[in-house]
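Okay, thanks for coming, everyone. I'll put the structure up and then walk through the sheet, the ligand shell, the core and one helix.

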Amino acid sequence: MMSALLHIQNVSKTFDLPGGQALTAVDDVSFAVEKGSICVLLGPSGSGKSTLLRMIAGLETQSSGAVLLNDTPIEGPGRERGMVFQAYSSFDWLSVGKNVEFGMKINGVPKPERRARAERFIGLVGLSKFIDAYPSRLSGGMRQRVAIARTLANAPDVLLMDEPFGALDAETRWQMQELMIEVAEASGTTMIIVTHDIEEAIFLADKIVFLSSHPGRLKEEILPTFKPGRLRNKEDVIALPGYAEMERKIMRMMREEGHK
Ligand SMILES: Nc1ncnc2c1ncn2[C@@H]1O[C@H](COP(=O)(O)OP(=O)(O)OP(=O)(O)O)[C@@H](O)[C@H]1O
């Protein structure tokens, strides 16, 4: 048996709505995430992707079932899980370097180590030249790189990302996707990424967890086995035999779900 870092076991989440009604956002979902892998949560709007991610982050509590990290139930936010949101809020009065150091400072990491780790992760996201720049002078893509560096610098076991590139233009978006492959390879960090972008999912994922909508159920676990490991260039993945077929299959699944 392979060792999974994270187990989602029969997880459901029901929200109480005003007027006494209830909405089941996630319904009896189970899957596992292997250590060091990239798992993408894909599905149409309202399929419970964000709710599931927020439960893994400990920002939301499941109504039933269990979320286990290293076989320990998740009972709230924790340092071993780092979250990157779509819109990055930086501290505009702090330089890029100080922004990345900030979380480590709170966590009591000594100053020289803080600086060294900040430099490493800022380098990893390609922003070394901007370490002393202020975020307000950076583009959206660069600010998102700062967010990723800041989160990774806290050495999380799992990086959780909710539509991390949704606000970026198309070109920056695929550059960021390629960057995530590099970051995954260099850091070995386990990643769980929410998206509804099919290309992004196929390019990034070692495993796609496809969720259906209303209620959010696990429709299928899709393994893009046509990829010979992780490729850094998106066009190389698109050119692989098997890519178009997988894209078509997922588009059909999206269409079916969208019409429900
Ligand atoms: N706090 C909440 N209170 C009530 N309903 C909620 C709450 N959070 C989410 N929902 C509902 O749960 C369902 C799943 O929402 P969720 O945001 O998890 O889906 P999603 O797949 O991430 O959607 P999208 O792709 O549009 O972001 C939706 O119907 C949503 O309206």
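So, how many bridges join strand β1 to β2? Nine, with β1 covering residues 4-16 and the two strands running antiparallel. One of those pairings puts Ile 8 opposite Phe 31, its bridge partner in β2.

Before I go on, a bit of housekeeping. This is a predicted model: local features need pLDDT of at least 70, side-chain atom pairs count only at pLDDT 80 or more, and totals for chains, interfaces and linings use all residues. Residues are numbered from 1 along each chain as its sequence is written. Helices (H or I, at least four residues) and strands (E, at least two) are DSSP runs, numbered from the N terminus, and two strands pair if DSSP finds at least two bridges between them.

Back to the sheet. It's an open one with four strands, in the order β2-β1-β4-β5, and the pairing is antiparallel. β2 and β5 (72-73) sit at the edges with a single partner strand each, so one side of each has no neighbour in the sheet.

Now the ligand. There are 13 residues around it, and the ones that come nearest are Phe 15, Ala 25, Ser 45, Ser 50 and Thr 51; here "near" means a C-beta atom, placed from the backbone, within 6 Å. The elements giving two or more residues to that shell are β2 (22-34) and α1 (49-57). α1 has the largest share, three residues.

Next, the largest nonpolar core, which has 61 residues. By core I mean a set of buried Ala, Val, Leu, Ile, Met, Phe, Trp, Tyr and Cys residues joined through C-beta atoms within 7 Å. Buried means 20 or more other C-beta atoms within 10 Å of the residue's own, with C-beta atoms placed from the backbone. Among the members touching the most others are Leu 41, Ile 56 and Ala 149. Helix α4 (residues 140-153) gives the largest share of this core, six residues.

So where does that leave α4? Of its 14 residues, 11 are buried, so the helix is largely enclosed by the rest of the structure. The buried ones include Arg 143, Arg 145 and Arg 150, along with Ile 148 and Leu 152. What covers them includes β6 (81-84), α2 (96-106), α3 (111-124), β7 (158-162) and α5 (170-187), with contact taken as C-beta atoms, placed from the backbone, within 7 Å. Just after α4 comes Ala 155, whose phi is positive, near 55°.

That's my tour; over to you.

Terms used
Buried ≥ 20, exposed ≤ 12 C-beta atoms within 10 Å, placed from the backbone. Contact = placed C-beta atoms within 7 Å.
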